[in-house]
Amino acid sequence: MLPRLPRDEGGPVFAEPWQAQAFALAVRLSAQGHFTWKEWAAALADELQAAVERGESDDGSRYYHCWLTALERLVVAKRLSDPATLLARKEAWADAYRRTPHGKPVELENEFCP
């Protein structure tokens, strides 16, 4: 059984801002025609199944981690980015996060903004 999308009576629930951003990015890229929603659903289903096969918890707590991994794989497959660029962005974000005082927003350098 695959994990369900975390929801409440108002719709999808996001425990952290990055989850909402990943959700919105997938919706936006599909709306812009970079991939169909059917392609997206297949990519996410593949990642959710892989998580189950790895023995990860199926209580929904890892849903958006799977969402992000599926999105990264689809973005690379569609040549919207490449693994090196994605890794550089993750490292830049991690560095910015470590430098940011507690309670302040994390800001990335402009060189990574399109």
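**Group meeting: a walk through a predicted four-helix chain**

Reading from the N terminus, the elements of this chain follow the order β-β-α-α-α-α, so two strands and four helices make up its secondary structure, where helices (H or I, at least four residues) and strands (E, at least two) are DSSP runs numbered from the N terminus. Before I go on, please keep in mind that this is a predicted model, in which local features need pLDDT of at least 70 and side-chain atom pairs count only at pLDDT 80 or more, whereas totals for chains, interfaces and linings use all residues. Residues are numbered from 1 along each chain as its sequence is written, and side-chain values use heavy atoms, with hydrogens and water left out.

Let me begin with the chain as a whole. Taken along the principal axes, the C-alpha atoms fill a box of roughly 40 × 35 × 30 Å. The chain has 114 residues, and 23% of them count as buried, which means under 20% relative accessible area, with exposed being over 50% and partly exposed in between (1.4 Å probe, protein chains only). The exposed surface comes to about 8,200 Å² by the Shrake-Rupley method with a 1.4 Å probe, and carbon and sulfur atoms supply 55% of that area. Of the contacts (heavy atoms within 4.5 Å) with a separation of 6 or more, 54% are between residues 24 or more positions apart. As for charge, the mean positions of the 14 positive and 17 negative charges lie 3 Å apart, with Lys and Arg counted as positive, Asp and Glu as negative, and His and the chain ends not counted.

I turn now to the aromatic rings. The structure holds 10 aromatic pairs, a pair being rings of Phe, Tyr and Trp (its six-membered ring) with centres within 6.5 Å, where planes under 30 degrees apart count as stacked, over 60 as edge-to-face and the rest as tilted. One of them joins F14 and Y64, whose ring centres are 5.4 Å apart and whose planes meet at 50°, so this pair is tilted. Because F14 lies in the loop between β2 (11-12) and α1 (17-31) while Y64 belongs to helix α3, the pair ties together parts that are 50 residues apart in sequence. The two partners differ in their cover, since F14 is partly exposed at a relative accessible area of 30%, whereas Y64 is buried at 2%. Ring pairs also link F14, F23, F35, W37, W40, Y63, Y64 and W67 into a cluster.

Another residue to set beside F14 is S61, which sits in the loop between α2 (37-53) and α3 (63-77). S61 is partly exposed, with 47% relative accessibility, and its C-alpha is 11 Å from that of F14, although 47 residues separate the two in sequence.

What does L44, in helix α2, touch beyond its neighbours within four places in sequence? L44 is in contact with Y63, C66, W67 and A70, and Y63 and W67 are both members of the ring cluster just described. L44 is buried, with a relative accessible area of 8%. By contrast, D95 is 51 residues from L44 in sequence and 28 Å from it in space, C-alpha to C-alpha.

Helix α2 also holds E47, which is buried at a relative accessible area of 3%. The side chain of E47 makes a polar contact (a pair of N or O atoms within 3.5 Å; within protein, one must be able to donate a hydrogen and the other to accept it, and residues adjacent in sequence count only if both atoms are side-chain atoms) with the side chain of R73, at 2.7 Å. Leaving out residues up to four places away in sequence, E47 touches R54, C66, T69, A70 and R73.

Two further residues deserve a word. R79 is found in the loop between α3 and α4, and its relative accessible area of 76% makes it exposed. Most residues other than glycine have a negative phi. R79, however, has a positive phi of about 60° although it is not a glycine.

Lastly, T100 is in the segment after α4 (83-99). Is T100 buried or exposed? T100 is buried, at a relative accessible area of 19%. Its side chain reaches the backbone oxygen of A96 at 2.6 Å, and, not counting residues up to four places away in sequence, T100 touches P105, V106 and E107.

Key
Charge placed at Lys NZ, Arg CZ, Asp CG, Glu CD.
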